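Colleague: Could you take a close look at one part for me, the ligand site and the residues around it? I'd also like to hear about the cysteines.

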Amino acid sequence: MVYNTIMSKTIIIYYSFEGNTKFIADYLAQKLDADVLALKPAKEINTHGFMKYIWGGRQAVMKSKPTLKKYKFDINKYETIIIGSPVWAYTYSPPIHSFLSENVIEGKKVAFFCCHEGGKGKTLEAIEKLLGEDNEYLGAVDIKAPLTNEEFSFTLLDEWIETIK
Ligand SMILES: Cc1cc2nc3c(=O)[nH]c(=O)nc-3n(C[C@H](O)[C@H](O)[C@H](O)COP(=O)(O)O)c2cc1C
């Protein structure tokens, strides 16, 4: 078997409130034969109505770091770390902030993606800043409404995977 660095020791760490980011994370995991860590806040927003934008948006704007449900993550197992987040109020979602505050990522290959509805703002730049400068940056991609554009998302991701390998 040919040894390929991105094909091994990769983990996709993501948060998803409504399934879009999970959808992308699962696709990437399958394509890259990667492990997956789904972050879950201890207290999730309990509405999918309009109020979610108020509660979630406020958390994002306030740069909240909500407590996460207990998770297992052995950083030493991984050479490549891919972070995935929905865009909330033009930035990354609060659970990603929590995770990256609790775990210092250094000396890794990093890539990231975000899912949004057309207003990604500076989310990718913000994730890059949060990750710090001590990693090898492989690339980033944003996907608009993946669950309503599945085939388009797959094509986009297949192309992206080629660039980060
Ligand atoms: C609290 C909140 C804030 C959001 N803010 C934005 C935004 O600023 N720009 C945007 O394009 N989409 C925004 N969205 C839409 C989500 O980014 C989009 O639906 C994404 O695909 C959801 O991913 P998920 O299904 O993994 O949770 C927001 C959604 C929520 C719940």
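Modeller: Here is a walk through the ligand site, then the cysteines, then two other residues.

First, the ground rules: this is a predicted model, so local features need pLDDT of at least 70 and side-chain atom pairs count only at pLDDT 80 or more, while totals for chains, interfaces and linings use all residues. Residues are numbered from 1 along each chain as its sequence is written, and side-chain values use heavy atoms, with hydrogens and water left out.

Around the ligand you'll find 20 residues, the closest being Ser16, Asn20, Thr21, Val87 and Gly119; a residue gets on that list if one of its heavy atoms lies within 4 Å of the molecule. Now for the polar contacts, meaning pairs of N or O atoms within 3.5 Å (within protein, one must be able to donate a hydrogen and the other to accept it, and residues adjacent in sequence count only if both atoms are side-chain atoms). Phenylalanine 17 puts a backbone N or O atom 2.9 Å from a ligand oxygen. With alanine 89, a polar backbone atom sits 3.0 Å from a nitrogen of the ligand. Cysteine 115 also joins in, with a backbone N or O atom 3.3 Å from a ligand oxygen. On its own the ligand has 650 Å² of accessible area, and the protein covers 92% of that (Shrake-Rupley method, 1.4 Å probe; for residues, only the protein chains shown count as cover).

What about the sulfur of cysteine 115? The closest cysteine sulfur is 6.9 Å away, in cysteine 114, so that's too far for a bond. Looking from the other side, cysteine 114 has its closest cysteine sulfur in cysteine 115, again at 6.9 Å. The structure holds zero disulfides, a disulfide being a pair of cysteine sulfur atoms within 2.5 Å. Cysteine 114 is buried at 0% relative accessible area, and cysteine 115 counts as buried at 4%; buried means under 20%, exposed over 50%, partly exposed in between (1.4 Å probe, protein chains only).

Threonine 91 belongs to the loop between β3 (80–86) and α3. Helices (H or I, at least four residues) and strands (E, at least two) are DSSP runs, numbered from the N terminus. Threonine 91 is buried at 10% and touches Ala60, Pro86, Thr123 and Ala126, leaving out residues up to four places away in sequence; contact means heavy atoms within 4.5 Å.

Helix α3 itself (residues 94–102) contains serine 98. Serine 98 is buried too, at 2%, and, with residues up to four places away in sequence left out, touches Lys65, Pro66 and Leu68.
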